[in-house]
Amino acid sequence: MENPGSEVLPLLGQIAAAVSEAVRRVRPDLAGADPIVRRSDRADFQSNVALPLAKRVREKPMELAGEIAAVLGASVASVAVSGPGFLNIGVADDVIWAQVAARLSDPRLGIAASEAGRRTVIDYSAPNVAKEMHVGHLRTTIIGDSLARVLDFLGAVVTRQNHLGDWGTQFGMLIQYLDEHPDAHWHQDEVGAGSSAVSALDTLYRAARKEFDADTEFADRARARVVALQSGDPATRAAWTAIVAESEKAFDAVYARLGVLLSADDYVGESFYNPMLAETIAELEDKGIAVDSDGALVVFSEAVTGPDDKPVPLMVRKGDGGYGYDTTDLATIRYRLAQLHAERLLYVTDSRQALHFQLIFETARRAGWLTSATEVRHIAFGTVLGPDGRPFKTRAGGTVRLMDLLDDAVAHARAIVAEKNPHLPAAELDAIAEQAGIGAVKYADLSTSRVKDYTFDLDRMVALTGNTGVYLQYAHARIHSILRKANTPTPAIDPTIPLQPEERALALELDDYNDTITQVAESLEPHRLCTYLYNLARTFTTFYETCPILTAPTPTRPNRLALCHLTAHTLTHGLTLLGIAAPHRM
């Protein structure tokens with residue numbers, strides 16, 4: 001966690017508290033009611049508190065609003081009753097300037113560590129070993145990383161868990177195939193710079209799968225290899241370890257390019273939980289939760305029924321004695337609660353797994369592992385679609401490699417940046433294009449409500465106008481251009497200077513940052529932060545186009561530069577929480 005700084009209570013909160021106090025003084029029997037305060041285009045803030053309260057006490061809203069306003073007037077710069085009983089509330093200029101100064105002087109921009117000490121385990125990304133990361137891994141990786149950043153900033157003790165698919169029948173199949181085809185090259189020093197070990201392994205796995213399906217004798221040998229892997233055969237384990245190591249190198253490269261804060265320390269694959277499966281199932285069986293069903297061991301849901309109105313089963317042990325991912329996920333949640341002492345568990349996976357996690361969570365509760373003291377949530381998200389409205393595929397109908405997708409985004413961004421600034425040196429252009437292209441992909445994903453599908457459209461993503469990452473990066477770079485020209489340290493604010501409308505709008509928008517971060521942490525929806533940053537950039541643009549900054553006279557100039565500094569800090573901070581670069585030049 002960063003320097004704790006000092007909390008700056010947002011004006012919205014201050015006004016809400018003032019309205020609540022006025023209601024308490026006017027009508028003690030109504031104390032504690034929601035003050036219903038929000039920003040307004042008719043005043044600095046508006047409260048609708050009188051409307052529902054008047055209905056409760058059977059009075060006219062206008063009359064009750066007038067009584068509240070009479071008391072509230074002593075706490076705010078102005079208050080007027082309008083419409084059916086709205087309270088339009090104004091804040092004094094010096095109070096707004098004081099908010100700007102307080103946030104500007106605090107390294108945390110006045111935001112408190114509201115999640116301090118809360119042990120949070122967040123499960124995201126989870127690629128499969130020996131397979132390349134593809135577009136299907138994009139959303140879980142980006143959304144999970146942003147949520148981890150936000151919660152970490154707010155003081156939570158965040159444990160990132162990358163639940164790698166590194167165990168199971170497929171590895172027996174692949175290792176047996178490699179053993180029988182010693183000329184198959186897959187190590188990085190064998191495949192050369194133009195390819196990768198994991199790409200070669202992916203191709204070899206498909207060949208092994210084809211042989212497994214066509215040749216029963218090979219299939220038998222592959223199954224025997226699975227047994228050897230599970231029993232710890234040294235040669236088989238050595239081959240598996242090498243495959244996992246090469247795959248992790250490939251994952252590291254993708255995460256580094258995406259700017260995602262996952263490292264080898266966060267990799268906890270299915271193999272880690274394998275020794276815990278039998279004891280996990282034994283506990284469920286002993287408690288009468290897991291029962292026999294045609295030779296298999298299942299947990300019948302007490303909350304979910306299928307189309308036949310029968311309880312939906314969760315398979316915890318197959319009829320042949322094998323375990324699937326249901327069992328692994330049960331062992332995982334049991335371990336995270338008992339050993340990591342998680343107070344909150346977050347699983348960032350696509351919405352198609354909603355039923356699976358509902359059954360996992362229900363079973364964990366019935367077993368007594370998961371109690372009311374621990375929050376557990378499935379952070380569901382929609383699908384990345386192609387231009388045809390279907391799940392994004394290559395033209396040949398194959399899965400889109402994540403690195404290929406990022407290469408295309410960077411190429412598109414490079415063309416846009418080069419057109420905007422044709423005199424940039426090649427090295428600087430390449431660096432900016434990488435930041436803009438990667439940022440464009442991440443922002444397009446994060447700015448969409450996570451539960452919705454979205455269309456992957458690179459031309460729209462890298463546009464310099466509209467709600468895009470590139471637009472925000474350019475806005476940030478423009479502010480730093482102003483500050484470089486000003487060539488002065490962060491100026492002191494003179495609170496006696498009257499606010500112009502555009503200054504006021506920008507200062508109030510900046511004051512909303514605190515509440516936005518709180519909303520993101522509560523809803524676990526990063527698009528709320530994207531929307532805020534876009535509105536902030538637009539509000540700054542209006543301020544910049546209306547209010548001279550560098551040519552303004554003293555003491556107006558220092559105040560406006562202070563607004564520039566705070567806007568730059570806020571954009572930098574917000575983009576960082578999204579995992580997006582905030583370049584100073586573009």
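Helices and strands are taken here as DSSP runs, numbered from the N terminus. With that in hand, D512 can be placed in the loop between α19 (501-511) and α20 (513-523). The model is a predicted one, and the description below moves from this loop residue to the sheets, the cores and the cysteines. D512 has a relative accessible area of 16%, and because buried means under 20%, D512 counts as buried. Setting aside residues within four places in sequence, the contacts of D512 are R39 and Y532.

A good place to look next is the open sheet of four strands. Its order is β6-β5-β10-β11, and the pairing is parallel. Which strands stand at the edges of this sheet? They are β6 (157-161) and β11, and each has a single partner strand, so one side of each is left without a neighbour in the sheet. From one strand to the next, the twist averages 20 degrees.

Within this sheet, β5 (residues 119-123) and β10 run parallel and are joined by four bridges. Two pairs of residues help to trace this join on the structure. T120 stands opposite R344 in β10, and D123 has Y347 of β10 as its bridge partner. On to the next pair of strands: β10 (residues 344-350) and β11 pair in the parallel sense over seven bridges. Here V348 has I379 of β11 as its bridge partner, while the partner of D350 in β11 is F381.

How does the chain get from β10 to β11? It crosses through helix α14 (residues 354-366), and this β-α-β crossover is right-handed. Helix α14 lies across β10 and β11, and runs at about 175 degrees to β11. Burial can also be followed strand by strand. Seven of the seven residues of β10 are buried, so β10 is largely enclosed by the rest of the structure. Strand β11 (residues 375-381) is mostly covered, with five of its seven residues buried. A general point is handy when looking at any such strand: in a regular strand, side chains alternate between the two faces of the sheet.

There is also an open sheet of three strands, with the order β7-β8-β9 and antiparallel pairing. The edges of this sheet are β7 (291-293) and β9 (311-317); each has a single partner strand, so one side of each is left without a neighbour in the sheet. The twist here averages 55 degrees from one strand to the next. Strands β8 (residues 296-305) and β9 run antiparallel and are joined by five bridges, and L297 stands opposite R317 in β9. Helix α12 (residues 277-286) packs on this sheet, where it touches β8 and β9, and its direction makes about 135 degrees with that of β9.

Another helix, α13 (residues 325-338), holds L330. Is L330 buried or exposed? With a relative accessibility of 0%, L330 counts as buried. Not counting residues up to four places away in sequence, L330 touches T280, L284, L314, V316, I360, T363 and W369. The C-alpha atoms of L330 and L277 are separated by 8.3 Å, although these residues are 53 residues apart along the chain.

Buried nonpolar residues can be grouped into cores. The largest nonpolar core has 154 residues, and those with the most contacts inside it are I243, L405, F456, I517 and L578. Taking L578 as an example, and leaving aside neighbours within four places in sequence, its contacts are S146, K442, Y443, L446, P526, L529, C530 and L533. A second, separate core has 26 residues, including V121, V312, V316 and A367.

The cysteines complete the picture. In general, a disulfide is a covalent bond between the sulfur atoms of two cysteines. How many disulfides does a search of the whole structure find? The search finds zero. C547 is in no disulfide, and the nearest cysteine sulfur, that of C564, is 10.0 Å away; a disulfide needs the two sulfur atoms within 2.5 Å. C547 counts as buried at 3% relative accessibility, and C530, one of the contacts of L578, counts as buried at 0%.

Terms used: Residues numbered from 1 in each chain as written. Predicted model: local features only at pLDDT ≥ 70, side-chain atom pairs only at ≥ 80, totals over all residues. Heavy atoms only, no water. Buried < 20%, exposed > 50% of the residue type's maximum accessible area, 1.4 Å probe, protein only. Helix = DSSP H or I, 4+ residues; strand = E, 2+ residues; numbered from the N terminus. Pairing = 2+ DSSP bridges. Right-handed = clockwise from strand over helix to strand, strands pointing away. Core = buried A, V, L, I, M, F, W, Y, C linked by side-chain atoms within 4.5 Å. Contact = heavy atoms within 4.5 Å. Axes fitted to C-alpha atoms, helices over the stretch in contact; angles between N-to-C directions.
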